[in-house]
Amino acid sequence: MGLLRTFGALATATAIALALPISPAQAARVFDVEYSVSCGRVTVISDDAEKLAIYYGSEAVTSDLLAADGAVLVDQYEVGTIATIRSTLYVVAYLAGHESGTGITQTLTVPQDCTGVSKATLTITGTRRVGKTLVAKVGTWVPAPLFHTYQWYRNGTAISEANDIDYTPVAADRGKRLKVKVTAFFVGYSSVSRTSKPTAKIKAGLFDSVRPKISRDVWTATAAPGTWNPVPTTLKYQWYLGTKKVKGATSATFDIPASYVNKKIRVRVTGSKAGYTTRVRFSKYFLVTPSS
């Protein structure tokens with residue numbers, strides 16, 4: 001704990017203008033201000049009679065202290081702390097009701113870029129597969145940081161615009177290893193970075209889909225592929241008579257020959273997308289009845 005000997009002017013401009021008698025004791029009073037300085041922080045303790053302001057900004061305060069940049073005002077008998085990423089703070093003591101530029105400012109140097117941060121653990125959680133979200137899980141820093149920044153990497157190369165706490169692997173990540181670097185920023189301490197261990201190789205994504213259905217309008221059969229997630233880049237169709245492919249029947253609709261009456265048809269739908277495992281789904285068999 002340190003001690004500042006600060007001189008505060010008691011006489012106001014109004015008193016001087018009225019030519020009231022001012023004793024030397026009134027003209028300048030000594031304030032002993034206890035303070036402590038740590039990395040990025042200053043704490044002051046007001047004495048039993050006066051008030052204090054601690055602030056950063058212009059050293060010469062000519063306006064109301066209440067409007068001073070970053071001002072923290074401390075009442076008598078109280079403790080005030082200000083945290084800042086700036087290397088200089090100012091302290092002024094004043095009497096209650098004399099906040100407009102009274103007192104003589106004292107300068108304090110605030111340590112910045114301190115070392116000794118206790119690094120947090122960093123892991124990646126989530127399914128290592130295209131289309132599934134991975135999350136950077138950050139442990140506890142000491143002291144607590146102001147904020148974090150993130151950067152994801154693919155096989156050691158930074159991924160453009162991958163700067164969030166989470167990341168969803170894309171087609172380019174298939175077969176690659178991912179890692180994330182987290183940088184923490186502090187008041188009074190140098191920024192600190194941690195990089196996770198690389199993941200296992202990212203696997204191909206998987207489609208969620210339902211079985212396709214067949215509908216019929218007179219002699220035209222239509223395949224409804226159903227809902228796929230994600231939406232495939234391409235969907236291909238192949239119609240079957242029983243277990244045998246129908247040659248050339250590779251669109252979503254199929255003109256049913258009259259010879260297929262009382263026979264069963266079905267359709268195969270194949271979905272594909274870069275980075276995903278191709279998926280094949282078959283409809284149930286559909287019995288061809290005579291047209292009404």
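Which strands make up the open sheet of 4 strands, and in what order do they come? The close-ups below take that up along with a few other spots, and everything shown comes from a predicted model.

**View 1. An open sheet with antiparallel pairing.** The strand order here is S12-S11-S14-S15. At the edges you'll find strand S12 (157-158) and strand S15 (192-195). Each of these edge strands has a single partner, so one of its sides goes without a neighbour in the sheet. Zoom in on S11 and S14 and you can follow 8 bridges joining the two, which run antiparallel. To get your bearings on that pair, pick out tyrosine 153: its bridge partner in S14 is lysine 179.

**View 2. The largest nonpolar core.** This one takes in 31 residues. Among those with the most contacts inside the core are Trp152, Trp239, Phe254 and Tyr260. Several strands chip in with at least two residues each, including strand S11 (147-154), strand S14 (178-185), strand S20 (234-241) and strand S23 (264-272).

**View 3. A second, separate core.** Here we're looking at 10 residues, and Val42, Val44, Ile82 and Leu89 are included.

**View 4. Threonine 43 and its surroundings.** Threonine 43 sits in strand S3 (residues 41-45). Its relative accessibility is 18%, and because the cut-off for buried is under 20%, threonine 43 counts as buried. Look for the side chain of threonine 81, which makes a polar contact of 2.8 Å with the side chain of threonine 43. Setting aside neighbours within four places in sequence, threonine 43 is in contact with Glu34, Tyr35 and Ser36, as well as Val79, Gly80 and Thr81.

**View 5. The disulfide between cysteine 39 and cysteine 114.** Searching the whole structure turns up 1 disulfide, and this is the place to see it. The sulfur atoms of cysteine 39 and cysteine 114 lie 2.1 Å apart. Distant parts of the chain are linked by this pair, with the two positions 75 residues apart in numbering. Cysteine 39 belongs to the loop between strand S2 (29-38) and S3, while cysteine 114 is in the loop between strand S8 (106-109) and S9. The torsion about the S-S bond comes out at about -100°, so this disulfide is left-handed. Are the two cysteines buried or exposed? Cysteine 39 is buried at 16% relative accessibility, and cysteine 114 is buried too, with a relative accessible area of 14%.

Key: Residues numbered from 1 in each chain as written. Predicted model: local features only at pLDDT ≥ 70, side-chain atom pairs only at ≥ 80, totals over all residues. Heavy atoms only, no water. Buried < 20%, exposed > 50% of the residue type's maximum accessible area, 1.4 Å probe, protein only. Polar contact = N/O pair within 3.5 Å; in protein donor to acceptor, adjacent residues only side chain to side chain. Contact = heavy atoms within 4.5 Å. Core = buried A, V, L, I, M, F, W, Y, C linked by side-chain atoms within 4.5 Å. Pairing = 2+ DSSP bridges. Disulfide = S-S within 2.5 Å.
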